[in-house]
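Reader: I should be grateful for a close account of a single part of this protein. Please begin with any term that I need, and then set that part in its surroundings.

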Amino acid sequence: MPRSATARARARSRTTTATRRTRSSISDAQTLEGASGTTSLTFTITVTPVSNQPITLFYSTSDGTATTANNDYVPASGSIFIPPSTATVTVTVQVNGDTKFESDETMFVDLNAASGATIADGQGQGTIQNDDVVPTASINDVTVFEGNAGTTTFTFTVTLSNMTDQTVEIQYFTGDGSATEADNDFSGASGMCRSRPSRPAPRSRCR
Ligand SMILES: [Ca+2]
Ligand SMILES: [Ca+2]
Ligand SMILES: [Ca+2]
Ligand SMILES: [Ca+2]
């Protein structure tokens, strides 16, 4: 039976009221980073009060101190459908595991637009918790034939146990063993090994 204009207007009014009253909010989330593969940051979107109408939300991720350029997480965006009478849904962001020492880092999931609800809290902060150790440094041993004239070079390699987002500086100096500077066996040296975070490998030449 066709509804009267008055009934239709009343239904529209109810919908408008429900839309105005239903608010959507996104939670914060946190996870340990992991060493490889991916782990999930799980954000919960809550609508209150629960609506008898479907809701669609649009979201996108954005960088904080965690960045996509640094490969910290997988960027994502899209729409989220919330069926009628549903209180919560989740949205997950994939975090890339690594063994690089970093500070705890943050990124965001932003709710950009909604239909069927208003946005009350539109930004969820995701925290990627560091689970990597400060690297340790080690230096290798080197054996070289002395030669009969001039000089030969000893090249030592300093290696970090894992990457770090900090600049590493290590001071070094030579010391006598059974070869001595006094006997003119070698020229003493000292200096600084410096490894910058942008270097792809945890290795450094020392000067
Ligand atoms: Ca890690
Ligand atoms: Ca990072
Ligand atoms: Ca990372
Ligand atoms: Ca890390």
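Author: A strand is a DSSP run of E covering at least two residues, and strands are numbered from the N terminus. Two strands count as paired if DSSP finds at least two bridges between them. With these terms, one may turn to strand β1 in what is a predicted model.

Strand β1 comprises residues 23–26 and is joined to β8 by 3 bridges, the two strands running parallel. Within this pairing, S25 stands opposite D121 in β8, and R23 has T118 of β8 as its bridge partner. Strand β1 is also joined to β3, residues 38–48, through 4 bridges, and here the two strands run antiparallel. R23 takes part on this side as well, standing opposite T48 in β3.

These pairings belong to an open sheet of 4 strands, in the order β6-β3-β1-β8, with mixed pairing. The edges are held by β6 (88–96) and β8 (118–121); each has a single partner strand, so one side of each is left without a neighbour in the sheet. On average, neighbouring strands of this sheet are turned by 30 degrees against each other, direction ignored.

Which side chains of β1 are buried, and which are not? The side chains alternate along the strand: S24 and I26 point to one face and are buried, whereas R23 and S25 point to the other and are not. S24 is also among the residues touched by L57, whose other contacts beyond four places in sequence are I45, S79, I80, L111 and A114.

L57 leads to the interior of the protein. The largest nonpolar core has 22 residues, and those with the most contacts inside it are F43, I55, L57, Y73 and V109. The elements that give two or more residues to this core are β3, β4 (55–63), β6 and β7. Of these, β7 gives the most, with 5 residues. Strands β3 and β6 thus appear both in the core and in the sheet that contains β1.

Two loops complete the picture. A117 is found in the loop between β7 (105–115) and β8. A residue is buried if 20 or more other C-beta atoms lie within 10 Å of its own. A117 counts as buried because it has 25 C-beta neighbours inside 10 Å. Its C-alpha atom is separated by 8.1 Å from that of T56, although A117 and T56 are 61 residues apart along the chain.

P49 lies in the loop between β3 and β4. Is P49 buried or exposed? A residue is exposed if 12 or fewer other C-beta atoms lie within that distance. P49 has 10 other C-beta atoms within 10 Å and is therefore exposed. P49 nevertheless touches R21 and T22, not counting residues up to four places away in sequence. From C-alpha to C-alpha, P49 and R21 are 7.2 Å apart in space, with their positions 28 residues apart in sequence.

For the wider setting, the secondary structure of the protein comes to 1 helix and 14 strands. Buried residues make up 20% of its 207 residues. Among contacts with a separation of 6 or more, 68% are between residues 24 or more positions apart.

Terms used:
Residues are numbered from 1 along each chain as its sequence is written. Chains are lettered from A and ligands numbered from 1 in the order in which they are written. This is a predicted model: local features need pLDDT of at least 70, side-chain atom pairs count only at pLDDT 80 or more; totals for chains, interfaces and linings use all residues. Axes are lines fitted to C-alpha atoms, for helices over the stretch in contact, and angles run from 0 to 180 degrees between N-to-C directions. A nonpolar core is a set of buried Ala, Val, Leu, Ile, Met, Phe, Trp, Tyr and Cys residues joined through C-beta atoms within 7 Å. Two residues are in contact if their C-beta atoms, placed from the backbone, lie within 7 Å.
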